[in-house]
Amino acid sequence: QIQLVESGGGLVQPGGSLRLSCAASGSISGNRFRLYDIGWYRQHPGKQRELIATVFSAGDTKYADFVKDRFTISRDNAKMTVYLQMNSLKPEDTAVYYCNGAVPNRRFAWGQGTQVTVSS
């Protein structure tokens, strides 16, 4: 069993920053974890979960247009952790954020997510 635990969310003012973490644990090694393309997703109330950033096994990254130049995804395979640095946050970034495999047939069970609220 592999668990994903997201953390780092909270309440922040518009224009502020947060750094989210996603730690994998359980029956997976760092050598296996490094082979996965990992994505950060977010879900607004009543909406479908959407992929916003991906860090590929080779280390390259890809972003949705609406977070490009504001968010940065990175990974530490030794720690089996993926990060999302979020800058210049906007109220519309308010959502529950999750991480998981970026490819549908290479995903784990979804974690609880971490709530991000951007409000003054």
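## The nonpolar core

A nonpolar core here is a set of buried Ala, Val, Leu, Ile, Met, Phe, Trp, Tyr and Cys residues joined through side-chain atoms within 4.5 Å. Buried means under 20% relative accessible area, exposed means over 50%, and partly exposed is in between (1.4 Å probe, protein chains only). This is a predicted model, so local features need pLDDT of at least 70 and side-chain atom pairs count only at pLDDT 80 or more, while totals for chains, interfaces and linings use all residues. Residues are numbered from 1 along each chain as its sequence is written, and side-chain values use heavy atoms, with hydrogens and water left out.

Now, who sits in the middle of things? The largest nonpolar core has 31 residues, and Trp40, Leu84, Met86 and Tyr97 are the members that touch the most others. Plenty of strands chip in: S1, S3, S4, S5 (50–55), S7, S8, S9 and S10 each bring at least two residues to this core. Strand S3 is the top contributor, with four residues. As background, nonpolar side chains in soluble globular proteins tend to be buried together.

## The four-stranded sheet

Strands here are DSSP E runs of at least two residues, numbered from the N terminus, and two of them pair if DSSP finds at least two bridges between them. One open sheet takes four strands in the order S1-S3-S8-S7, and its pairing is antiparallel. On its edges are S1 (2–7) and S7 (71–76), each pairing on one side only. From one strand to the next, the twist averages 15°; for such angles, axes are lines fitted to C-alpha atoms and the range is 0 to 180 degrees between N-to-C directions.

Let's walk across it. S1 and S3 are antiparallel partners joined by six bridges, with Ser7 standing opposite Ser21 of S3. Strand S3 (residues 18–26) also pairs with S8, antiparallel again and over six bridges; in that pairing, Thr81 of S8 is the bridge partner of Ala23.

Which side chains of S1 point to the buried face? Ile2, Leu4 and Glu6 do, while Gln3, Val5 and Ser7 point to the other face and are not buried. Note that Glu6 is among the buried ones.

## The six-stranded sheet

The other open sheet to look at has six strands in the order S2-S10-S9-S4-S5-S6, and here the pairing is mixed. Its edges are S2 (10–12) and S6 (61–63), each of which pairs on one side only. The twist averages 25° from one strand to the next.

At the S2 edge, three bridges join S2 to S10 (residues 114–118), and the two strands run parallel. Within that pairing, Val12 stands opposite Val118 of S10.

## The disulfide

How many disulfides does the structure hold? Just one, counting a pair of cysteine sulfur atoms within 2.5 Å. The partners are Cys22 and Cys99, and their sulfur atoms are 1.7 Å apart in the model. Cys22 sits in strand S3 and Cys99 in strand S9, so to speak tying distant parts of the chain, 77 residues apart.

The S-S torsion of Cys22 and Cys99 is about 60°, so this disulfide is right-handed. Both ends are tucked away: Cys22 is buried at 2% relative accessibility, and Cys99 is buried at 0%.

## Salt bridges

A salt bridge is a side-chain nitrogen of Lys or Arg within 4 Å of a carboxyl oxygen of Asp or Glu. By that rule there are four salt bridges. Arg42, Glu50, Arg70 and Asp93 are linked in a network of them.

What does Arg42 pair with in this network? Asp93 is one partner, with the closest N and O atoms 2.9 Å apart. That pair links distant parts of the chain: Arg42 is in S4 (residues 38–43), whereas Asp93 is in the loop between S8 (81–86) and S9 (95–101), 51 residues away. Glu50 is another partner of Arg42, at 3.2 Å between the closest N and O atoms. Arg42 is buried at 5% and Asp93 is buried at 0%, whereas Glu50 is partly exposed at 26%.

Elsewhere, Lys68 and Asp65 form a salt bridge, 3.2 Å from N to O. Lys68 is partly exposed at 39% relative accessible area, and Asp65 is exposed at 65%.
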